[in-house]
Amino acid sequence: MAQTVAQPTATTPTLPAKLPIGAIVPWAVFFGILMLVLLYFVGAEQGATSVVNGADVHEWVHDARHLLGFPCH
């Protein structure tokens, strides 16, 4: 029986493609604004600062409000 031995080959490591910062900034701004809006609805959407009438938003985010440490009662 013949056996073959793999010969080592010289390979250069491949580097990941560089992502330009200009491509990241619009997405970072978008997600930052989205997170601020979400934080408002979870943390402050009730009472005098309410944007939506009624208690529907409060009921939808009630558990998240307690989980994040916001008082609501």
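The protein exposes about 6700 Å² of surface, 70% of which is supplied by carbon and sulfur atoms. These values, like those that follow, refer to a predicted model. Of the 73 residues, 11% count as buried.

The overall dimensions depart from those of a compact globule. For 73 residues, such a globule would have a radius of gyration near 11 Å, whereas the protein has 26 Å. Along the principal axes, the C-alpha atoms fill a box of roughly 85 × 40 × 20 Å. The secondary structure consists of three helices and zero strands, and the pattern read along the sequence is α-α-α. With regard to contacts between residues at least 6 apart in sequence, 22% join residues at least 24 apart.

Helix H1 spans residues 21-43 and contains Val-25. Val-25 has a relative accessibility of 44% and therefore counts as partly exposed, since the partly exposed class lies between 20% and 50%. Val-25 also belongs to a nonpolar patch on the surface, formed together with Leu-19, Ile-21, Ile-24, Val-29, Ile-33 and Val-37. The accessible area of these patch residues together is about 650 Å².

A contrasting environment is found in helix H3, which comprises residues 62-67 and includes Arg-65. Arg-65 counts as buried because its relative accessibility is 0%, and the buried class covers values under 20%. The side chain of Arg-65 reaches the backbone oxygen of Val-42 at 2.6 Å. Val-42 is also among the residues that Arg-65 touches when residues up to four places away in sequence are not counted. On the same basis, the contacts of Arg-65 include the neighbouring stretch of Phe-41, Gly-43, Ala-44, Glu-45 and Gln-46. His-58, Phe-70, Pro-71 and Cys-72 are likewise touched by Arg-65.

Helix H3 also holds His-62. The relative accessible area of His-62 is 16%, so this residue is buried, again with reference to the limit of 20%. The side chains of His-62 and His-66 are joined by a polar contact of 3.0 Å.

Taken by residue, the two helical sites may be set side by side. In helix H1, Val-25 is partly exposed at 44% relative accessibility and takes part in the nonpolar surface patch. In helix H3, Arg-65 is buried at 0%, and its side chain lies 2.6 Å from the backbone oxygen of Val-42.

Notes: Residues are numbered from 1 along each chain as its sequence is written. This is a predicted model: local features need pLDDT of at least 70, side-chain atom pairs count only at pLDDT 80 or more; totals for chains, interfaces and linings use all residues. Side-chain values use heavy atoms; hydrogens and water are left out. Helices (H or I, at least four residues) and strands (E, at least two) are DSSP runs, numbered from the N terminus. Buried means under 20% relative accessible area, exposed over 50%, partly exposed in between (1.4 Å probe, protein chains only). A polar contact is a pair of N or O atoms within 3.5 Å; within protein, one must be able to donate a hydrogen and the other to accept it, and residues adjacent in sequence count only if both atoms are side-chain atoms. Contact means heavy atoms within 4.5 Å. The radius of gyration is taken over C-alpha atoms; the globule rule is 2.2 Å times the number of residues to the power 0.38. Accessible areas come from the Shrake-Rupley method with a 1.4 Å probe; for residues, only the protein chains shown count as cover. Patches are made of residues with over 30% relative accessible area and no salt bridge: like charges are joined within 9 Å, nonpolar side chains (Val, Leu, Ile, Met, Phe, Trp, Tyr) within 5 Å. A salt bridge is a side-chain nitrogen of Lys or Arg within 4 Å of a carboxyl oxygen of Asp or Glu.
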